[in-house]
Structures are given as C-alpha cells and as structure tokens.
Amino acid sequence: MNEKIKSSLTNPEILEKLYHEDRKKFRNEFEKLYPEIENSEAAKFWKARLDYDSKPEILKTIALPEIIMVVAVCLLTAFLIKIPDIFRIKYPEESVFYLKNGAIIVFFGLSLYTFLNKKIYGRSRIVITALLFLVPVIYSNLLPLKNSDTITLVYIHLQLLMWFIYGIVYTGPEIKNMERRADFIRHNGDLAIVYALIAIAGGLLTALTIGLFQSIGVNIEEFYFRNIVMTGMVAVPVIADYLTEKFPALVSRTAPLIAAIFSPLVLITLLVFLVTVAVTGKDPYNDRNFLLIFNLMLLGVMAIIIFSVSETSVIKNRKFNAAILFGLSVVTIITDLIALSAIAYRLNEFGITPNRLAVLVSNLLVLINIALIMIDLFRINFRKKEFGLVSLTVSKFLPVYLSWIIIVVFGFPLIFGLN
C-alpha cells in the first residue's frame, strides 16, 4: 500500500480506489508516508481530507445495516456463552464450560464479524474456517474433567491457538504477506485499547447499577454478573472491532501515544524490579511461585514490546521510541536468561514435567524473538535502518509460536498423558 500510494500521487483515480479498498490501512500508510511527500499538492489534499474525516459526526456515519449486523453477532456470542443455563447443562464446576469454550466463542464472534464486515462469501474459506473452529470445539469438550498439568496447559495454549485462527481469518489469502501480519498485530493493539475503554465504562456502570439496587434493598449482583457481565465479556470484543474498523481515527493516534508512554515506564519498572530482586536476594531457583510470576511478567513485557514495535512504526518521533525499545529488549533478554537458568536448574534437580518443558521452550522462543528484535533495533538506532524492519521480524516469527502452540495443545496429551 505504501508504494502504491507514493507511485499514484499523480493519479487521483487510483488513490481513490486504494482508499475505498481499505480505509483504515490507507490512512495508516498515508500517515507514515506523509513526511516524505508533504510537498506534493495531492498529498496536501489527502492530508486535509483525512484530517477532516477523522472528526466525523459519528451518529451520521453509522448505517442501520451495520448496527443490525453487529447486534446479531453479539446476540449469537451471548447465546453461545449462555448454553449451560439455556439447556440446563450441569458441570462439576461452573467455570469448566467457560474454560473449555470461552476463548473459542470470543474469537468465533470476531471471525464471524470479519466475514460479514468484509463480505467474505467464498465457499472454500467458509468451510476451512468452520473446520478450524470445529476441531478445537470438539477436542476441548472431549478432554476429561480432571486436575492435570497437561490439560491445564492445553486450555491455556488453546486460547492462543484461537487467536492465531482469528489471525488466519483476518489476513485471509494474504496470510504469507508480512505487512498484512503486522497490520493484524496493530489491529489487535487497537482492539485491546477500545475493549479496555468499554470495559472500564462497563465496570463503572456495573458498580453504579448494583449500588442503586442495593440502596432499595434489592440484591441483583448474582443475576447481573451471570447474565449482563458474562454476555458482555464475549460481545464487547465485537463492538470494539466494529468501532476500530468504522472509526479508525479513534485509535490511530491513541495507540501510538499509549505505546510511547508505556514503553519507557515498563523499562524503568523492569530495571527497578531486577535491582530489587538482587537486593532482597529473592531466589527464582527454588521458589516455584516466584518463578511462575517471573515468567508471566516476562511474557507480558514481550507482548508490550511487540505492541510497541507495531505502533511505533506509524508515528513520527521514532528515534526516541527506538532507543527505548532497544533498552527494553536488552533488559528483557537479561531477565529471560535468568528465568531460563532457573528453569534449567529445576529440570536438573526435579526432572522433566509438562509445565517445566512448556515454560522452557516458551522462554527459549521469547529469547530468540527478542534477540532478533534487538538486532533490528540496534540497526535502526546505529545503522539508520527503517523501522518497518522490526515489524517484519515480528511477523516472520509468528509461525514459530503457532507451531509450538499446536505441539502443546495436541502433542502434550500424547507425550505425557492426561494425568
């Protein structure tokens, strides 16, 4: 898209066509490209047009068919999450159904909305997507209900697998296109921000509603959480997806700003944490719970780096952000090496278990990915390379994560059993 825009500045018809094919992507690519072409009259015209469009009268831009489509998908996801109550299906614990099917329902809703929104009606894509969802549904619900490390790992990684399936739906035939994969990561960052804003507003509404009814002696807490909150948790992602697609200006400037703010804060927090660990003498080698938290923190930082990389690529002040991300990647690698040494120690002392093997390989993958990102960031900071290099590295590594997730979900039960 970037090159197409640049080469079509003298051809208004092609620019208009590119804009209508994918408005969000056109806007993002144009914003990145504008500093290079700002002297062009066509670029000035499109800049004024896009800036004007970024301040729409929202109510006038909402079409009734779109609202019906969003509401229909939301109602379907709400129905699916309420299946145990509707059909009076009993589980030993109420959370079992949500553990088995929650992520599947959420990403099914997002995928269905993508199909409807992009008007994807090809039979082969519909059949393939249906199979991609049907297999995890059957597999997850056939797993026995027992307290097993292997099964717990399957459920955790199944949620990540569903995210990848949603990515396959989102990218479609362009799944091998690295820029399209990077766009999917950016889209998820935007989606997470809008979802968080809606969730915060929903939390305030929940507190207010329960408080009002309690003030008149009516306790609706259980009913409200079972019916409103539970259905809202699976429906809101679809609403957030609609808002990010319909009003890209809502997040096109917010997401990079959040990335720019949080990256240095995470770097400072991580440095302070490592110093505190050294001073307090906390031992990740023998403290299993601390090692678990340590690894969760590492995965969280990894996610922040990937999100920040994808969003930094669309803002102007890249030098400072590139330097911060380079520092964050270096500190993350140090943290990961500590975690890996602790895991190796526990493997040597206590032997191989599904949990230890899963954590070991996950940390190794994170280490390799962050190391590749760090090399790219080094080139950007000291060799004047383009920032898009990092997004491509992140995109290329996604199949590696997917391969490992598939091994854990479908291979671990065969290797370690279900006990």
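**Notes on the predicted model**

1. Starting at the N-terminal end: N2 is in contact with E29 and L33, once its neighbours within four places in sequence are left aside. This is a predicted model, so please read every value below as computed from it. N2 has its place in helix α1, which covers residues 2–7. If you want a distance to check on your screen, the C-alpha atoms of N2 and N28 are separated by 9.4 Å, with these positions 26 residues apart along the chain.

2. Next, helix α3, residues 23–37, and its two phenylalanines. A search of the whole structure finds 20 aromatic pairs. F26 and F30 make up one of them, a stacked pair with 6.3 Å centre to centre and 10° between the planes. Because F26 and F30 are four residues apart in helix α3, about one helical turn separates them. How accessible are F26 and F30? F26 is buried, at a relative accessible area of 0%, and F30 counts as buried too, at 1%.

3. Staying with α3 for a moment, R23 is also found in this helix. R23 counts as partly exposed, since its relative accessibility is 43%. For a long-range check, take R23 and I293: they are 270 residues apart along the chain, and their C-alpha atoms are separated by 41 Å.

4. Now the nonpolar cores. Which residues touch the most other members of the largest nonpolar core? They are L328 and I373, in a core of 72 residues. Not counting residues up to four places away in sequence, L328 touches S263, V266, L267, L270, V301 and I305. Apart from this core lies another one, made of 15 residues, among them I5, L9, F30 and Y34. So F30 of the stacked pair turns up again here, as a member of that other core, and it is buried at 1% relative accessibility.

5. T77 is worth a click. T77 sits in helix α6, residues 64–81. T77 counts as buried because its relative accessible area is 1%, where the cut-off is under 20%. Leaving out residues up to four places away in sequence, what does T77 touch? The list is I105, G109, V234 and A235.

6. On to a helix pair. Two packed helices are described by the angle between their axes and the distance between the axes. For α9 (residues 123–142) and α10 (residues 149–171), the axes come within 11 Å and cross at roughly 175°. Angles over 145 degrees count as roughly antiparallel, and α9 and α10 are therefore roughly antiparallel to each other. On the α9 side, the residues that meet α10 are R125, T129, L132, F133, P136, Y139 and S140. On the α10 side, they are V154, Y155, L158, M162, I165, I168 and V169. By type, the residues of this contact divide into 11 nonpolar, two polar and one charged.

7. Helix α10 also takes part in an aromatic pair. F107 is buried, and so is Y166. F107 and Y166 form a tilted pair, 6.1 Å centre to centre with 35° between the planes. F107 lies in helix α8 (residues 95–117) and Y166 in helix α10, so the pair ties together parts that are 59 residues apart in sequence. If you colour the aromatics, you can pick out one cluster formed by F107, W163, F164, Y166, Y170 and F184.

8. S95 is found in helix α8 as well. Is S95 buried, partly exposed or exposed? S95 counts as partly exposed, at 42% relative accessibility. The C-alpha atoms of S95 and T254 are separated by 35 Å, and the two residues are 159 apart along the chain.

9. Last, two backbone details to look at. Most residues other than glycine have a negative phi. R88 is not a glycine, yet its phi is positive, about 55°. R88 is found in the loop between α7 (83–86) and α8, and it is exposed, with a relative accessible area of 70%. K119, in the loop between α8 and α9, also has a positive phi, near 55°, in a residue other than glycine. K119 is exposed, with a relative accessible area of 59%.

Methods:
Residues numbered from 1 in each chain as written. Predicted model: local features only at pLDDT ≥ 70, side-chain atom pairs only at ≥ 80, totals over all residues. Heavy atoms only, no water. Core = buried A, V, L, I, M, F, W, Y, C linked by side-chain atoms within 4.5 Å. Buried < 20%, exposed > 50% of the residue type's maximum accessible area, 1.4 Å probe, protein only. Contact = heavy atoms within 4.5 Å. Axes fitted to C-alpha atoms, helices over the stretch in contact; angles between N-to-C directions. Parallel < 35°, antiparallel > 145°, perpendicular 65-115°, else oblique. Nonpolar A, V, L, I, M, F, W, Y, C, P; charged D, E, K, R; others polar. Phe/Tyr/Trp six-rings, centres within 6.5 Å; stacked < 30°, edge-to-face > 60°.
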